[in-house]
Amino acid sequence: MNSIIYLDNAATTPVVQPVIDAMVPYFGEHYGNPSSIFYSVGAEAGSALSAARESVARSLGCEPSEVFFTSCGSEADNWALKGTAHRLGAKGKKHLITSCIEHHAILHTMKALEKDGFEVTYLPVDHEGFVNPADVKAAIRPDTALVSIMFANNEIGTIEPVEEIAQICHEHNVWFHTDAVQAVGAVPIRFKEMGFDMLSLSAHKFNGPKGVGALIVRRGILPDILIEGGAQERGRRAGTENLAGIVGMAKALEIAVGSLEEKSKKLSAMRDALQRHIETMPDVTINGTKGDKRLPGTLNVSFEGAESESILLFLDMSGICASSGSACASGSLDPSHVLMGIGLSHALANCSVRFSFGVQNTPEQVETVCKALDEAVAEVRRRSAIYG
Ligand code: PLP
């Protein structure tokens, strides 16, 4: 396990020990159902749920009553989009706006809504992956219900001008949702101050457990219900709560937000060291922005003439885990829609690797990766029919 160098923290992160310690009692000792309020075992579970809700609210700068726990980031995204479309669509607002580089949890949901009769505008991005707020403004129509733009991109790490876009939406009386799954726990986020109406997060991206997330919904905003059933989450999201997961998410978020500056410095130092090395290699392109509007741990590179899958196999033989795009998209032969969205050619998009750093990585590991990468890329290019 220790010999593995895991550089795929944008796909998922290991759960850190204090989070495991916080979760364990809720698998055994505190097994109650938070909805069973008439006896102490249930009431204790209910108190733990409330404490976790308060903690998440403190970490993100919102009210506890604005936190709705979900089973993952994808559910939160589905809920924000479908819930808004169905609520406001009934009032004739049948137009939605998003960007062409969103995660599939957004893009596929938008496609499903198109089949239901909604119209969707997919905004382009520039070569660094930025959405232009002026494009958002120009796309808003009298029947626009929602704008959904991600906080930070999962493949290239570009941080979008979401505060400015939220402001434009408010001026036009349009709801604004941000998929902040990659950003929460990586960059500072204050929900209320930043003017968001809805925000999605997912615990497994910030050293919390898998299978738990949340949708933060500003008071006064009421998307339709996605999961019907019991009265959990103030009657807005049915299903017995994943209490251990929720407790773990709150703890992981508290740790991540409490060490944000330190974490950001550590991750960006390692990322920049790898980038500097890569820039000495021939025929490479750094994808996305190289400026500070990028997630601290994310680096996406195209190695001309060396297909991603082959590079990844060579790296794997050296115990290094990286990715050829978002984990959800791998297995598909189509080039990444994000890389195509920033204007890469089909060929270059298929030669791209994402390295994403996490708290467990070390500068020594970066040195090992640089050596292994030199060898892997040289070897793949040597065997390549399209390079040289
Ligand atoms: N949105 C973004 C930007 C993501 O990166 C991901 C996961 O990779 C998701 C949504 C989906 O989150 P989850 O895996 O919790 O469903």
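The following questions and answers concern a predicted model, taking the ligand surroundings before a small sheet of three strands.

Q: What makes the pair formed by S74 and the ligand a polar contact?
A: A polar side-chain atom of S74 lies 2.6 Å from an oxygen atom of the ligand, and because a polar contact is a pair of N or O atoms within 3.5 Å, this pair qualifies. D179 meets the cut-off with a polar side-chain atom 2.6 Å from a ligand nitrogen atom, and H204 meets it with one 3.0 Å from a ligand oxygen atom. The protein buries 91% of the 390 Å² that the ligand exposes when taken alone.

Q: Which helix gives the most to the shell around the ligand, and how is that shell divided by class?
A: Helix α3, residues 73-89, gives the most, with three residues. Of the 13 residues that surround the ligand, three are nonpolar, seven are polar and three are charged.

Q: Why are β9 and β10 called paired strands?
A: Pairing requires at least two bridges between two strands, and β9 and β10 have four, in the antiparallel sense, so they count as paired. Within this pair, T285 stands opposite S302 in β10.

Q: What makes β9 and β12 the edge strands of the sheet?
A: In the open sheet the order is β9-β10-β12, and β9 (284-287) and β12 (352-356) each pair on one side only. Neighbouring strands of this sheet are turned by 25 degrees against each other on average, direction ignored. Helix α10 (residues 308-317) packs on the sheet, where it touches β10 and β12, and its direction makes about 45 degrees with that of β12.

Technical notes
Residues numbered from 1 in each chain as written. Predicted model: local features only at pLDDT ≥ 70, side-chain atom pairs only at ≥ 80, totals over all residues. Heavy atoms only, no water. Near = heavy atom within 4 Å. Polar contact = N/O pair within 3.5 Å; in protein donor to acceptor, adjacent residues only side chain to side chain. Areas by Shrake-Rupley, 256 points an atom, 1.4 Å probe, with all protein chains shown as cover. Nonpolar A, V, L, I, M, F, W, Y, C, P; charged D, E, K, R; others polar. Axes fitted to C-alpha atoms, helices over the stretch in contact; angles between N-to-C directions. Contact = heavy atoms within 4.5 Å.
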